[in-house]
Amino acid sequence: MITRDMTMGQVVLENQKLLLLFPRFNLTLGFGEMSVEEVCNAHHVDVDFFLEIANAYLDMQYVPGEGLSLFSLGTMIKYLTATHTYFMETALPMIEEKIHRLLENSSLSNKEINLVTSFYHDFKKDVKEHINEEEQHVLPYILELEKQSALGHPDPSFITKLRNYSIKAFEQEHGRLETSLEHLSSLIIKYLPPFEDFQLCHQVLHDLANLVNDLIDHANMEDKVLIPRVVELEQQLLNRKGDE
Ligand SMILES: [Fe+2]
Ligand SMILES: [Fe+2]
């Protein structure tokens, strides 16, 4: 488990997976001997929030709930949105480019090539729709809920909305994106003829596995941390209104 007093450079050397998180916190390299806390402070990152996110990221068994409930929903949403940007602008285009190169230099039939491309195309479409729904509807609603909860007199029209809508509706429809990626890896490993460029094939599989982990971590953060807190806040606001 990572703690605030550890040397950031050493932490990263031992857990290079963490580098994937750095752009989401605007953290840059060149730490020297600075501790995790010093690096976070220098970049205006809340060190406790960073530790919760980083520890949950490194250990899938780690249950983030408690520590993360200390942070505002706004802080969490900022991180989740930065992760969406990472998926759309970095991870997906990078894998797509490698898959394209892999197929281009392969001896696969057109049918097999189409199978892989349409698999990836469908996955990308799902991710896009999923993220759009969250960024256009769900996350703005949560930010408004947090804002209204902080007010002495919440807007009555928001309370009316709350009586007819709960985040639970989103929770029921919140799909998992990693499944189709796992199918793609399985297709490459089990069923397609071997690729000539084994190194590139290995890189693609490695990137796919990283992205699967990242998507699971992200969905866990939304399902196990964000949504329960939103449900709690909705309830508090409705009860408060009932008392008045
Ligand atoms: Fe998300
Ligand atoms: Fe999601």
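These legends walk through several close-up views of a predicted model.

Here is how to read them. Residues are numbered from 1 along each chain as its sequence is written, while chains are lettered from A and ligands numbered from 1 in the order in which they are written. As this is a predicted model, local features need pLDDT of at least 70 and side-chain atom pairs count only at pLDDT 80 or more, but totals for chains, interfaces and linings use all residues.

**View 1. The whole protein is built from 10 helices and 0 strands.** Helices (H or I, at least four residues) and strands (E, at least two) are DSSP runs, numbered from the N terminus. Read from that end, the elements go α-α-α-α-α-α-α-α-α-α. The C-alpha trace spans about 70 × 50 × 25 Å along its principal axes. Of the 244 residues, 17% are buried. A buried residue has 20 or more other C-beta atoms within 10 Å of its own, an exposed one has 12 or fewer, and partly exposed is in between, with C-beta atoms placed from the backbone.

**View 2. Domain 1 (8-62) meets domain 2 (72-243).** The bounds come from an automatic or database domain assignment. Their C-alpha centres sit 22 Å apart. Across the boundary, 8 residues of domain 1 are in contact with 7 residues of domain 2; contact means that the C-beta atoms, placed from the backbone, lie within 7 Å. The domain 1 side has 6 nonpolar, no polar and 2 charged residues. Here Ala, Val, Leu, Ile, Met, Phe, Trp, Tyr, Cys and Pro count as nonpolar, Asp, Glu, Lys and Arg as charged, and the others, Gly among them, as polar.

**View 3. Helices α5 (residues 73-104) and α6 (residues 110-150) pair up.** Two packed helices are described by the angle between their axes and the distance between the axes. For this pair, the axes come within 11 Å and cross at roughly 170 degrees. Axes are lines fitted to C-alpha atoms, for helices over the stretch in contact, and angles run from 0 to 180 degrees between N-to-C directions. So α5 and α6 are roughly antiparallel, the label for angles over 145 degrees. Residues in the contact include Leu73, Ile77 and Phe87 from α5, and Val116, Tyr120 and Ile142 from α6. By class, this contact has 15 nonpolar, 3 polar and 4 charged residues.

**View 4. The largest nonpolar core holds 26 residues.** Such a core is a set of buried Ala, Val, Leu, Ile, Met, Phe, Trp, Tyr and Cys residues joined through C-beta atoms within 7 Å. Phe50, Ile53, Met76 and Ile142 have the most contacts inside it. Helices α2 (36-42), α3 (47-58), α5, α6 and α10 (198-243) each add at least two residues, and α3 gives the most, with 6. Each of the two domains puts in at least three residues. Zoom in on Ile142: leaving aside neighbours within four places in sequence, Ile142 touches Leu73, Ile77 and Val230.

**View 5. Leucine 18 lies in the loop between α1 (8-14) and α2.** Leucine 18 is partly exposed, because 19 other C-beta atoms lie within 10 Å. Setting aside neighbours within four places in sequence, leucine 18 is in contact with Val11, Val12, Ala54 and Tyr57.

**View 6. Proline 228 is found in helix α10.** With 14 other C-beta atoms within 10 Å, proline 228 is partly exposed. Leucine 139 is 89 residues away in sequence, and the C-alpha atoms of the two are 14 Å apart.

Technical notes. Two residues are in contact if their C-beta atoms, placed from the backbone, lie within 7 Å. Angles under 35 degrees count as roughly parallel, over 145 as roughly antiparallel, 65 to 115 as roughly perpendicular and the rest as oblique.
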